[in-house]
Every structure is written in structure tokens, then in C-alpha cells.
Amino acid sequence: QVQLVESGGGLVQAGGSLRLSCAASGSISTNAMGWFRQAPGKQRELVAGIISGGRSNYADSVKGRFTISRDNAKNTVYLQMSSLKPEDTAVYYCNAAAIGYGLGSSYGYWGQGTQVTVSS
């Protein structure tokens with residue numbers, strides 16, 4: 001069982017930056033990791049994912065603005081967010097995929113979420 005704790009959310013003006021962190025209670029070196037977000041009235045969506053080897057992918061809406069990274073020695077995943085827009089406002093969740101399953105699966109692990117609010 002892996003517990004995930006997100007931090008780094010907050011209120012920022014449009015055009016600003018935030019860095020989210022996701023600290024895991026155990027090793028996540030072999031897990032695919034991802035950041036999801038859910039805005040009020042919308043479905044949860046994958047923002048960025050990174051596999052154990054470091055290859056990453058992004059939602060089209062955040063490409064060029066967000067960067068996901070991982071530090072396996074610290075069991076931590078980061079999401080650097082720049083050029084933030086009001087439409088980035090959401091609760092951001094960290095996800096660790098269970099081995100053999102993809103990101104977002106109910107077999108994986110989720111953090112409690114951290115609120116990001118971007119004001120215009």
C-alpha cells in the first residue's frame with residue numbers, strides 16, 4: 001500500500017507559476033506516475049504522466065507550460081506549472097499506477113488532492 005501526499009497548491013495570478021509535489025510513503029521507482037485534475041462540474045482528466053524510465057506525456061492543453069518530473073531517490077513526483085491560466089483552476093491529484101495497470105485505474109493509488117486557483 002502506497003500513500004501519496006500532494007503539496008504546493010494555492011492561489012496564483014494568471015501568468016504565474018506553481019510547483020506541485022507528490023511524496024510517496026514507499027518506493028515508486030517502478031510505477032508510472034501521473035497528475036490528474038478535476039474542475040467543478042467536470043470529469044477528472046490526465047494532465048501529465050511519467051513512466052519509470054522518465055519518458056513523459058502531456059495533455060494538449062498544458063504542453064509547453066507544464067513539466068512533470070520524478071526523483072525516485074526521494075519517492076517524489078513534481079509538476080512544474082508555468083504560464084498558468086484561469087482554466088487551469090482545479091483540484092490536482094497525484095496518481096501512482098499499480099504495476100500492470102495504466103494511470104487512472106482504480107487499482108492504483110491516489111493522493112487527497114491539492115487546490116490550484118488561478119485568478120484572472
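**Strand β4 and its neighbours**

Reader: Which residue in β9 stands opposite Q38?
Author: The model is predicted, with residues numbered from 1 along each chain as its sequence is written, and local features need pLDDT of at least 70. Side-chain atom pairs count only at pLDDT 80 or more, totals for chains, interfaces and linings use all residues, and side-chain values use heavy atoms, without hydrogens and water. Strands are DSSP runs (E, at least two residues), and helices are H or I runs of at least four, numbered from the N terminus. Opposite Q38 in β9 stands V91.

Reader: How many bridges link β4 and β9?
Author: Strand β9 covers residues 90-96. Two strands pair if DSSP finds at least two bridges between them. β4 and β9 pair in the antiparallel sense, and their bridges number six.

Reader: What stands opposite R37 in β5?
Author: β5 covers residues 45-50 and runs antiparallel to β4, with five bridges joining them. The two strands form a hairpin with six residues between them, and G41 in the turn has a positive phi of about 75°. Opposite R37 stands E45.

Reader: How many residues of β4 are buried?
Author: Buried means under 20% relative accessible area, exposed over 50%, partly exposed in between (1.4 Å probe, protein chains only). β4 spans residues 33-38 and is mostly covered. Of its six residues, the buried ones number five.

Reader: What is the radius of gyration of the chain?
Author: The chain has zero helices and 11 strands. The globule rule (2.2 Å times the number of residues to the power 0.38, with the radius taken over C-alpha atoms) gives 14 Å for 120 residues. The chain comes close to that, so it is as compact as a globular protein of that length, at 13 Å.
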